[in-house]
Amino acid sequence: MLASALNKISHGLTFGNAMNKLRLKIEKDQKVESAYFQRTMPKKGLKERIQAGDNIIVAEGYIFEFERRGYLRAGCFVPEVVLEHPEQVKAVHEEYVHAGSDVVLAFTYYGHREKLKLIGREADLKSLNIKALRLAKEVADRTNTLLAGNICNSTIYKRDCPDAIEKTRAIFKEQIEWAIAEGVDYIVAESFSEYGEAALALECIKEYGKVPAVVTMIAHAEDKTVDGLMFGEAMNKLYAAGADIVGLNCGRGPTTMLSLIGEIRKTYKGPMAAIPVPYRTTPDEPTFLSIINPETGKDAFPEDLTAFHCSRTQIRKFAEEAKELGVQYVGLCCGNASHFMRIVAEVYGRTPPASKYSPDMSQHFIWGDKNFDSYLMDYRNTLAPK
């Protein structure tokens, strides 16, 4: 440390001056990033953007990301991190916006009454929801991005059971009302296996929220909802009931989701959402819940899914095909990462701040496109024989 300090002094740079220069550089970078959001993303509402034919990039997948980072328990999948490490939640919001997300989605997924009851923290229900909404709002306000509230599958819904339906309604109602009180631009209702629960969520947004709604469902092994509707029919019914955007999220990976989106597009022509999980699902294993790890013979979900992540090339292909299908509301769900989001944003014509660091292998000392001397050529051939 002393040698470093003497070196700085010898170059006419005191520690205080060095810190000041660093501070000024950070402030300059922040101003550049802020200018990007103010210049390229004027604060238009969800409806305005859709009506204008704009596309909306949305980063999801907070549950898996915090489990990966060691701040959330797989199994219950409850977002306790919101209360225990709020700085981490804020940082991921910022990271996703940096990568190109137009939306900051409040991390209230599985932050509802039944999930909090499961881990003995029902008393923290309201404080968790309010904290999550305020963390998201802080980032959305600073970056001029849309702020979205979030409700999801209740885990207790049962069709033809009035008591379960009313309990589900109560779960939706309180989360919607908290979101409205905190000033969300719209509400995402997602991950519904049954049309009935998706329709109930939309009904509650219309009754208790009166803000735009994005409603997305999960497709499992079959190309129809668990309660028996073909997805094209379900999408048309939700759109007719007042959803602003409908589509699919979670469950399926890019390949198996897009094939179904193509089928839906034959009958549903309205604004479409596609938010797959970034895992390599196939017709034989169409969802990330059905992937079998060949090394163990057991389900890969959730602990071994890492081995089945999509490549960046596959994510680029997904974004290109989604764009071709006219998907306006696009993103990634469980398993998402910022480098994936940057690819989706770039395919959709954006240049987010993270694009400054997009790969450029021409600059690599071995794999670059410069002229190699015989020494480096031999070295490269040793590393990767052709």
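Visitor: Where does Pro302 sit in the chain?

Guide: In this predicted model, Pro302 is placed in the loop between strand E9 (298-299) and helix H13 (312-324). To read a position like this, find the elements on either side of the residue and then look at the bond before it. Here a cis peptide bond joins Phe301 and Pro302, with omega at about -10°.

Visitor: Which residue has a positive phi of about 60° although it is not a glycine?

Guide: Asn144 is one to look at, with a positive phi of about 60°. Asn144 belongs to the loop between H8 and strand E3 (146-152). At 14% relative accessibility, Asn144 counts as buried, because buried means under 20%. Cys250 also has a positive phi of about 60° without being a glycine.

Visitor: Let's stay with Cys250, then. Which UniProt annotation covers Cys250?

Guide: An unreviewed UniProt entry carries the annotation "binding site" for Cys250, Cys333 and Cys334. With a set like this, compare spacing in sequence with spacing in the model. The three are spread over 85 residues of sequence, yet they cluster in space, with a largest C-alpha distance of 6.6 Å. Cys333 and Cys334 from this set also belong to the lining of the largest cavity.

Visitor: Is Cys250 buried or exposed?

Guide: Cys250 is buried, at 6% relative accessibility. Its place is the loop between strand E6 (245-249) and helix H12 (254-264). For the surroundings, read the contacts, leaving aside neighbours within four places in sequence. On that basis Cys250 touches Ser191, Ile218, Met257, Ile275, Pro276, Val277, Phe288, Cys333 and Cys334.

Visitor: And what is Cys334 in contact with, leaving aside its neighbours within four places in sequence?

Guide: Its contacts are Gly61, Phe64, Cys250, Val277, Pro278, Tyr279 and Phe288. Cys334 lies in the loop between strand E10 (329-332) and helix H14 (338-347). Its relative accessible area is 11%, so Cys334 is buried.

Visitor: Now for charged pairs. How many salt bridges does the structure hold?

Guide: There are 28 salt bridges in the structure. A good way to read each one is to ask which parts of the chain its two residues come from. Take Asp102 and Arg350, whose closest N and O atoms are 2.7 Å apart. Asp102 is in the loop between helix H6 (86-98) and strand E2 (103-105), while Arg350 is in the loop between H14 and H15, so this pair ties together parts 248 residues apart in sequence. Asp102 is buried, with a relative accessible area of 1%.

Visitor: Which helix do Lys137 and Asp141 lie in?

Guide: Both lie in helix H8 (residues 125-143), 4 residues apart, about one turn of the helix. They form a salt bridge, with the closest N and O atoms 3.6 Å apart. Lys137 is partly exposed at 28% relative accessibility, and Asp141 is partly exposed at 48%.

Visitor: What parts does the pair of Arg169 and Glu207 tie together?

Guide: Arg169 lies in helix H9 (residues 162-181) and Glu207 in helix H10 (residues 195-209), so the salt bridge ties together parts that are 38 residues apart in sequence. Their closest N and O atoms are 3.5 Å apart. Arg169 is buried, with a relative accessible area of 16%, whereas Glu207 is partly exposed at 40%. Salt bridges can also share partners, and in this way Arg73, Glu80, Glu84, Arg121 and Asp124 are joined into one network.

Visitor: Let's finish at the surface. Which residues make the nonpolar surface patch of about 500 Å²?

Guide: Met361, Phe365, Trp367, Tyr379 and Leu383 make that patch. To read a patch, check where its members sit and how open they are. Leu383 is in helix H15 (residues 374-383) and is partly exposed, with a relative accessible area of 48%. Trp367 is in the loop between H14 and H15, and at 35% relative accessibility Trp367 is partly exposed.

Visitor: How far apart in space are Trp367 and Arg380?

Guide: Trp367 and Arg380 are 7.7 Å apart, C-alpha to C-alpha, with their places 13 residues apart in sequence numbering.

How values were computed
Residues are numbered from 1 along each chain as its sequence is written. This is a predicted model: local features need pLDDT of at least 70, side-chain atom pairs count only at pLDDT 80 or more; totals for chains, interfaces and linings use all residues. Side-chain values use heavy atoms; hydrogens and water are left out. UniProt positions are given in the numbering used here, feature names are shortened, and annotations may be inferred rather than shown by experiment. On a 1 Å grid over the protein atoms alone, a cavity is a set of points where a 1.4 Å probe fits but cannot get out, and a pocket is an open set with protein on both sides within 12 Å along at least five of seven lines; lining residues have an atom within 4 Å of a point. Helices (H or I, at least four residues) and strands (E, at least two) are DSSP runs, numbered from the N terminus. Buried means under 20% relative accessible area, exposed over 50%, partly exposed in between (1.4 Å probe, protein chains only). Contact means heavy atoms within 4.5 Å. Patches are made of residues with over 30% relative accessible area and no salt bridge: like charges are joined within 9 Å, nonpolar side chains (Val, Leu, Ile, Met, Phe, Trp, Tyr) within 5 Å. Accessible areas come from the Shrake-Rupley method with a 1.4 Å probe; for residues, only the protein chains shown count as cover. A salt bridge is a side-chain nitrogen of Lys or Arg within 4 Å of a carboxyl oxygen of Asp or Glu.
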